[in-house]
Amino acid sequence: MERLGMKAFKMEKLPSFDFSNPPTDPHELTIKLVERLLEETKRGVYSLSASELGLPYRVFVMAGQPPVVCFNPRVVDETTEHIELEESCFSNPNLFVKIKRPRNIKVRYNDMDGNLHNEKFIGLTARAFLHELDHLNGFNYTRRANPIHLQRALNKKKQIDRALAKRAK
């Protein structure tokens with residue numbers, strides 16, 4: 001289990017969601033993920049994987065109108081241009097780490113009915129897709145960080161957590 005923040009979950013690569021013999025109802029799973037994401041957007045969370053909720057399915061949801069639910073997501077192409085921005089995570093509250101990721105990606109995923117989608121995502125949407133895909137592949141975003149950036153982020157997290165604890169008293 002990875003543990004940097006307050007929450008811990010098992011980090012392992014998840015198998016593909018089998019629509020021919022689904023391990024759970026994909027429509028119910030979609031509803032559960034979207035409802036939880038809508039709750040979490042109030043706290044600044046804009047994407048969420050099933051694995052972060054302890055659900056062993058290869059699916060995540062990204063905020064949007066409507067939310068985008070991606071079963072069996074994969075990247076089929078990416079630009080060589082990379083952008084370094086701070087990322088945070090539902091699983092690591094108050095931990096903001098600079099991560100370098102491709103600016104644009106081409107992806108393939110299934111919707112809740114098993115229909116295949118080919119999309120191009122740019123900027124923050126591409127970043128959210130890649131961040132959640134990392135979870136499904138058993139990879140925590142902090143492992144992509146430059147060690148100096150990670151240490152600075154961990155120090156800042158300690159300061160934020162102390163300040164929040166004082167405020168709560």
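Ser49 is buried, with a relative accessible area of 0% (buried means under 20% relative accessible area, exposed over 50% and partly exposed in between, with a 1.4 Å probe and protein chains only). The model is a predicted one, where local features need pLDDT of at least 70 and side-chain atom pairs count only at pLDDT 80 or more, while totals for chains, interfaces and linings use all residues. Residues are numbered from 1 along each chain as its sequence is written, and side-chain values use heavy atoms, with hydrogens and water left out.

Ser49 sits in strand β1, which covers residues 47-49 (helices are DSSP runs of H or I with at least four residues, strands are runs of E with at least two, and both are numbered from the N terminus). Its side chain makes a polar contact of 2.9 Å with the side chain of Ser51 (a polar contact is a pair of N or O atoms within 3.5 Å; within protein, one must be able to donate a hydrogen and the other to accept it, and residues adjacent in sequence count only if both atoms are side-chain atoms). Leaving out residues up to four places away in sequence, Ser49 touches Leu33, Val59, Phe60, Glu132, His135 and Leu136 (contact means heavy atoms within 4.5 Å).

Arg101, in strand β5, is another buried residue, with a relative accessible area of 3%. Its side chain has two acidic-residue partners to look at: Glu87, through a polar contact of 2.6 Å between the side chains, and Asp134, through one of 3.1 Å. Beyond its neighbours within four places in sequence, Arg101 is in contact with a list of residues that includes Glu81, His82, Ile83, Arg127, Leu130, His131, Tyr141 and Arg144.Arg43 is a different story: this arginine is exposed, with a relative accessible area of 59%, and lies in the loop between α1 (26-40) and β1. A polar atom of the Arg43 side chain lies 3.1 Å from the backbone oxygen of Glu39. Arg43 and Pro93 are 50 residues apart in sequence, yet their C-alpha atoms are 9.7 Å apart in space.

Next comes the largest pocket, which holds about 640 Å³ of space. On a 1 Å grid over the protein atoms alone, a pocket is an open set of points with protein on both sides within 12 Å along at least five of seven lines, whereas a cavity is a set where a 1.4 Å probe fits but cannot get out; lining residues have an atom within 4 Å of a point. Grid points are joined across faces, edges and corners, and the volume is the space filled by probe spheres set on them. The pocket is lined by 24 residues, and Gly44, Val45, Tyr46, Ser88 and Cys89 are the closest to its centre. Two or more lining residues come from each of β4 (82-89), β5 (92-102) and α2 (124-136), with α2 giving the most, six residues. By type, the lining splits into ten nonpolar, seven polar and seven charged residues (Ala, Val, Leu, Ile, Met, Phe, Trp, Tyr, Cys and Pro count as nonpolar, Asp, Glu, Lys and Arg as charged, and the others, Gly among them, as polar).

As for the whole chain, three helices and seven strands are present, in the order α-β-β-β-β-β-β-β-α-α from the N terminus. The radius of gyration is 16 Å, which agrees with the value near 15 Å for a compact globule of 169 residues (taken over C-alpha atoms, with the globule rule being 2.2 Å times the number of residues to the power 0.38). Buried residues make up 41% of the chain. Among contacts between residues at least 6 apart in sequence, 63% join residues at least 24 apart.
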